[in-house]
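Please read the following points with the sequence and the model open beside them. They are meant as a short guide to selected features.

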Amino acid sequence: MRPGITAKLFLAILAACAFVVLVYGVAAQIFLRSTFVEYLAEQDAARVAELMPRVEAGYARAGSWNLVRANRDGWITLLHPERAPGQPPRAPPVSDQTGGVFRLALLDRDYEVILGNPDAGRDDVIEPVVVDGETVGWMAVVSFEKVLASAESRFFSAQLRAWWLIGTASVLVAALLGWLLSRTLLRRLRGLAGATHRLAAGDYATRIDSGSPDEIGQLARDFNQLAHALEHNERARRSFMADISHELRTPLAVLRAELEALQDGIRPMTPESLSSLHQQVGQLGQLIEDLHDLSLTDIGALAYRRAPIDLAVVLDTVLDGMRARFAAAGLALRAQLTPGPLLMTGDERRLQQLLANLLENALRYTDAGGEVVVTCTRGPGALRIVVEDSAPGVEADKRARLFERFYRADASRNRASGGSGLGLAICRNIVEAHEGDIVAEASSLGGLRIVLTLPALED
């Protein structure tokens with residue numbers, strides 16, 4: 001069984017604490033055996049250098065070490081000479097305060113101890129006593145390590161006990177902190193895991209309290225955004241399925257009724273009845289074609305063949321193809337295009353489909369006797385196309401939803417006009433594929449104003 005987050009966090013803190021204790025112990029040993037001992041050795045050397053002139057002067061006056069051997073008090077005087085009258089008192093040297101006076105010794109030229117610590121020898125720190133160019137003896141200082149050697153075991157044991165106490169206390173503190181921290185983190189993670197399970201089960205209304213602004217809080221906020229997006233997509237999917245079933249049911253019901261009337265002999269087989277059937281089939285085919293185009297643009301599978309094109313030429317072509325239908329519907333179609341080429345990079349066929357859908361939308365939903373105005377201008381790095389029509393208009397709170405599939409603002413812009421409710425949704429996807437922008441606004445003519453912005457191609 002793999003350890004959980006609580007165990008992992010506890011072990012990590014415990015290992016870190018043990019490592020710190022180990023490093024502390026090793027560092028203390030290194031400092032004691034090297035840095036501090038070296039410092040004491042330097043103080044001992046300085047003390048020997050201070051004593052050396054007096055030792056050499058004493059030997060020069062006596063001519064041998066016999067006087068020193070016979071005068072033990074002289075050794076004390078040599079180490080601590082009397083203070084001259086008027087001289088201020090001074091503290092003992094550091095070496096004396098650390099026991100250096102008991103580690104000093106005077107050796108003859110054969111390394112035999114004359115006075116001082118009897119353990120001194122040639123393997124200690126020694127300095128020659130030179131008189132008239134001849135080495136007559138040695139000043140020695142027993143090393144601090146040799147003095148400590150006998151007590152080293154007791155000292156190390158005491159240190160080991162102290163380290164064990166420190167380590168045990170550190171482990172207990174680490175265990176307490178690890179338990180508290182892991183409990184807090186685990187409680188938040190369990191909440192996040194439970195919410196994730198509910199979301200995976202289809203409960204898209206699940207939300208999490210983000211709490212503190214740390215990484216887990218950011219994760220909770222991201223989770224809430226994901227849940228909101230999934231909830232919105234689920235509503236859109238259900239609405240889309242309901243709209244598709246409704247849109248398909250209407251022409252199919254009309255076709256079934258017409259065919260049953262023909263089969264039962266209620267209606268004769270006439271060109272008029274066949275024309276009605278053909279109209280319903282055409283309407284159904286157009287709906288299916290729009291659904292196909294919309295699905296392709298949604299998943300980005302609609303083929304785009306981009307090339308430099310003149311948008312003015314594309315717009316003229318679309319306008320020329322629509323003028324007769326506008327005239328038949330009793331609508332005035334006017335165009336105001338900026339002179340000169342309007343260059344951009346895009347798919348000419350898809351842009352024709354985009355502009356045709358916009359004009360088709362204006363044609364279907366503008367009252368007879370009205371007008372539709374198309375303008376195209378060039379701004380800094382962008383081309384701007386505006387298609388606006390006369391009454392009826394669209395309320396401000398409904399304009400943003402015009403580009404949703406199957407959405408119709410009101411009864412004046414309904415299915416009786418012949419639209420599938422998908423044209424503007426397809427337009428939005430084509431515009432976004434060309435890295436442009438499309439918005440719906442109120443028109444000064446009393447109807448709807450569609451503003452289309454596309455990136456221009458630099459001359």
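1. The model discussed here is predicted. A useful starting place is helix H13, residues 423–433, which lies across E10 and E11. The helix H13 runs at about 135 degrees to E10.

2. Both of those strands belong to an open sheet of five strands, with the order E6-E8-E9-E11-E10 and mixed pairing. Which strands stand at the edges? They are strand E6 (332–337) and strand E10 (437–442). Each has a single partner strand, so one side of each is left without a neighbour in the sheet. On average, and with direction ignored, neighbouring strands of this sheet are turned by 15 degrees against each other.

3. Within the sheet, strand E9 (residues 382–390) and strand E11 (residues 446–455) run antiparallel and are joined by eight bridges. Serine 390 stands opposite glycine 446 in E11.

4. A second helix, H10 (residues 311–328), also packs on the sheet. Helix H10 touches E6, strand E8 (371–379), E9 and E11, and its direction makes about 170 degrees with that of E6.

5. Finally, a search of the whole structure finds one aromatic pair. Tyrosine 111 and tryptophan 138 are stacked, at 5.0 Å centre to centre and with 15 degrees between the planes. The pair links distant parts of the chain, 27 residues apart: tyrosine 111 is in the loop between strand E1 (104–108) and strand E2 (113–116), whereas tryptophan 138 is in strand E4 (residues 134–141).

6. Is each partner of the pair buried or partly exposed? Tyrosine 111 is partly exposed, because its relative accessible area is 23%. Tryptophan 138, with a relative accessible area of 16%, is buried, since buried means under 20%.

Terms used
Residues are numbered from 1 along each chain as its sequence is written. This is a predicted model: local features need pLDDT of at least 70, side-chain atom pairs count only at pLDDT 80 or more; totals for chains, interfaces and linings use all residues. Side-chain values use heavy atoms; hydrogens and water are left out. Rings of Phe, Tyr and Trp (its six-membered ring) pair if their centres lie within 6.5 Å; planes under 30 degrees apart count as stacked, over 60 as edge-to-face and the rest as tilted. Helices (H or I, at least four residues) and strands (E, at least two) are DSSP runs, numbered from the N terminus. Buried means under 20% relative accessible area, exposed over 50%, partly exposed in between (1.4 Å probe, protein chains only). Two strands pair if DSSP finds at least two bridges between them. Axes are lines fitted to C-alpha atoms, for helices over the stretch in contact, and angles run from 0 to 180 degrees between N-to-C directions. Contact means heavy atoms within 4.5 Å.
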